[in-house]
Amino acid sequence: MRRALQTLTAMTVLTLASPVLAQGTLRIGMTASDIPLTTGQPDQGGEGQRFMGFTLYDALVAWDLTRSDKPSGLIPGLATGWSVDANDKTKWTFRIREGVKFHDGSTLTADAVVWNFDKLLKSDAPQFDQRQASQGRSRIPAVASYRAVDPLTLEIITRAPDATLPYQLAWIGISSPAQWEKKGRNWQEVAKEPSGTGPWKLAGFTPRERAELVPNKDHWDKTRIPKLDKLILIPLPEPNARTAALRSGQVDWIEAPAPDAVPTLKSNGFQIVTNVYPHNWTWHFSSAEGSPWNDVRVRKAANLAVDREGLKELLGGLMVPAEGFMPPGHQWFGKPTFKLKRDLAEAKKLLAEAGYGPNKPLQTKILISPSGSGQMQPLPMNEFIQQNLAEAGIKIDFEVVEWNTLINIWRAGAKHESSRGATGMNYSYFIQDPFTGFIRHLQCNLQPPAGTNWGHYCDKEMESLFDQIRTTFDAEAQNKVLEKVHEKYVNEALFLMVTHDVNARAMSPKVKGFVQAQNWFQNFSSISMAP
Amino acid sequence: MLSYILKRLALTIPVAFGVSIVCFMLVHIAPGDPLTSVLPPDASAQLQAEMRKLYGFDRPLPVQYGLWVLKTLQGDLGVSIATGRPVASELGKALGNTLMLAVLATMIGFLFGSLFGFVAGYFRDSWIDRLASFVSIIGVSVPHYWLGMVLVIIFSVQLNWLPATGAGPGGSAEWAWDWVHVRHLILPAVTMSVIPMGIIARTVRALVAEILSQEFVSGLRAKGLLDFGVFRHVVKNAAPTALAVMGLQLGYLLGGSILIETVFSWPGTGFLLGQAIFQRDLPLLQGTILVLAMFFVALNLIVDIVQSMLDPRVQRA
């Protein structure tokens, strides 16, 4: 009897304890060289937002990161819904989620959201923070004014009708005004103990060395309460050091393993997780006077000359060959009629029609970089493409410039002297929303220095489509317009569309439950560690 | 003596001034925009201009230099553009980490370098000499970042004896003198020690060979001293030079090694410099280079003064 009671007691204890059993600690080696800014608008690009943005913070509008088999779409975040005024398309109303608590225990209200906009946009506000503003301001260009109508209703007025506003707001993490007050109105102090509403709380960090995150068990979305006990982020910018750290068991997960280490990592039982995501690797063509790419036949010929399957082999399979500007299967892909395949005969024919041939070869200059964020392996890849194009009769000279210099040239535009007469540049793009995906590359009024339409492209039909994107407020109808834009991008071969990266990560077999969304950002709440 | 020290100190001022100009100009003539690390790539031209003004990059270079020197003289090295943290605090922690690594590497280098040097010099032209010389030549010639990678593959990846990266478990927070932390120090220190080891071994070998050819050694042998006794005298005579070389090597290693610290993700001055270069973080870059350069200026000053104390002929020269 006593034995039976003991067994029963042990079973009861085990059963009761199981939901709170330790799910382990996950240690991630990031490519960033420092812990991203912790106060709400992280630096360190997409990676910063991935690890220190949507972990500690929520935005009014969120990305659905639960699926790996389809592109992510927008879902309600701290706003349960939003609508645009039927008569005034610049007036938006956001309904704020009730009962949401910041990590410090204070309550989210529309006033807190207004306070956060002031933090980024109103330089004379006491809470204005230049470091966060420099990250966040350029993400919400449409916002003209905002006010709290009542504690749970927020009104935003845009500069012009702009249906892309929800995409813009998905960048803005909402931090706690109460915590800022508590920390003596000092952002440096808040950075040490930040407070958002996200599924993770910052337990502490040492600059350049590590950050420790623990679950926010009171998160408003119960499906996003982390299963892990702890998430440790370690900056490991050097790819070989990152790979060695994983192989020696110092970390459980690394971002972007060195491509040549992938086969041995696989053979040693590590998981290599990849998925297509909104990234592309292109040559951005110049439309400046004298550019050979002004002729659609030349653009198409170059696109038909690229051996994308050969390139995939070169990269050990870690790429998705481009079928368009957006990755294959993307909701805005549409049905372009121009197919991106290797067809040298057709390429030569098109070049001949454009007036080029063996006696008059096409020769032009392209700017490339030896490395850079998102640039994959630019030197071997560009040399491979150079060889491909040479086979079709296009002779490419490269002007190799350092990555940060290339970014500055990209901002300055193809007509600027810093472009050194180049008619194209190899640039990889974050293409997650309508603005970053399409508009910023080709809108007339975004020609440098006003924006990043590097090639000075300007086309009436495209302008009209961009206007439609901004004025189509129904999501489905807007997607149809975006499909048309993409079809035009591909059918007119406006870029040399080469490949999409696959966001490779390597992880220990102990890491369970990770779903790699087709997105730059990821959800870490579903992960657990096997014993 | 005092006048010599004062003269030497006075001479340091124009040297320090020259060093500061070189530091400042070098980082400014390098390509790239320092604001790249703090702004998204597609930040508007207006925002870029505002930020340029905020950080003072819109001012003429001589003005920027003047302001920087003034602040530096007051002990303010500025604020890192990329992190917003004071350069002095970033640098302070990194210097501590590099110091730890450099001292241990120098000790390992000195211990093994002296051992190989004495043995090789004492048993000149024997197989022991050849073996010790071979090891020391390898030490001087092998690219140390390559050696670091090889050591990581063997001891971290294959044998799993020592950690591959960082200064503590799970990324380091605070250093502690316990085995958990110290094991992180071993591979980078051993990698870093091969160069001083090679140099010290070569120097000591030549020194021992020269001492052995001196008359007092024959005298010692004639007195009937055994080999061990003679060896002890040789060591005593060679030690000051070996120590001087060790001091110089420590000086070099304190500058940090960008390559070794990058390979091992060791958070020292070399790693910091590497990151500052990639991020075009001008205040951090200028501050780090300046402090390291001034360290060498101070080291040279100390060496000159100590030398003049030991050998007054130096003052006359």
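Reader: Leaving aside its neighbours within four places in sequence, which residues is A:R470 in contact with?

Author: This is a predicted model, and the contacts should be read as part of it. A:R470 is in contact with A:P161, A:D162, A:A163, A:F435, A:I439 and A:Q443, once neighbours within four places in sequence are set aside. The residue itself belongs to helix α16 of chain A, residues 460–471.

Reader: Is A:R470 buried or exposed?

Author: The class follows from the relative accessible area, and buried means under 20%. A:R470 has a relative accessible area of 17%, so this arginine is buried.

Reader: How should the interface of chain A and chain B be described?

Author: The size of an interface is often given as the accessible area lost when the parts come together. Here chain A and chain B bury about 3,700 Å² between them, and 48% of that area lies on carbon and sulfur atoms. On the side of chain A, the residues that lose the most area to chain B are A:R208, A:E209 and A:R411, together 19% of what that side buries. In terms of contacts, 41 residues of chain A meet 51 residues of chain B.

Reader: Which polar interactions are found between chain A and chain B?

Author: Across the interface, 10 residue pairs are in polar contact, with both residues at pLDDT 80 or more. The number of salt bridges between chain A and chain B is 4. In a salt bridge at 2.9 Å, N to O, the side chain of A:E209 meets that of B:K93.

Reader: Which elements of chain A give two or more residues to the side that touches chain B?

Author: They are α4 (130–136), β10 (230–235), α8 (239–247), α14 (403–412) and α15 (434–442) of chain A. The largest share, 6 residues, comes from α14(A). By class, this side of chain A has 13 nonpolar, 15 polar and 13 charged residues.

Reader: How many helices and strands are there in chain B?

Author: Chain B has 13 helices and 0 strands. Its C-alpha atoms fill a box of roughly 85 × 60 × 35 Å along the principal axes.

Reader: What share of the residues of chain B count as buried?

Author: Of its 317 residues, 46% count as buried. The accessible surface of chain B is about 15,800 Å², with 72% belonging to carbon and sulfur atoms. Sequence separation adds a further view: among contacts in chain B between residues at least 6 apart in sequence, 71% join residues at least 24 apart.

Note on methods. Residues numbered from 1 in each chain as written. Chains lettered and ligands numbered in written order. Predicted model: local features only at pLDDT ≥ 70, side-chain atom pairs only at ≥ 80, totals over all residues. Heavy atoms only, no water. Contact = heavy atoms within 4.5 Å. Buried area = accessible area lost by both parts, 1.4 Å probe. Polar contact = N/O pair within 3.5 Å; in protein donor to acceptor, adjacent residues only side chain to side chain. Helix = DSSP H or I, 4+ residues; strand = E, 2+ residues; numbered from the N terminus. Nonpolar A, V, L, I, M, F, W, Y, C, P; charged D, E, K, R; others polar. Buried < 20%, exposed > 50% of the residue type's maximum accessible area, 1.4 Å probe, protein only. Areas by Shrake-Rupley, 256 points an atom, 1.4 Å probe, with all protein chains shown as cover.
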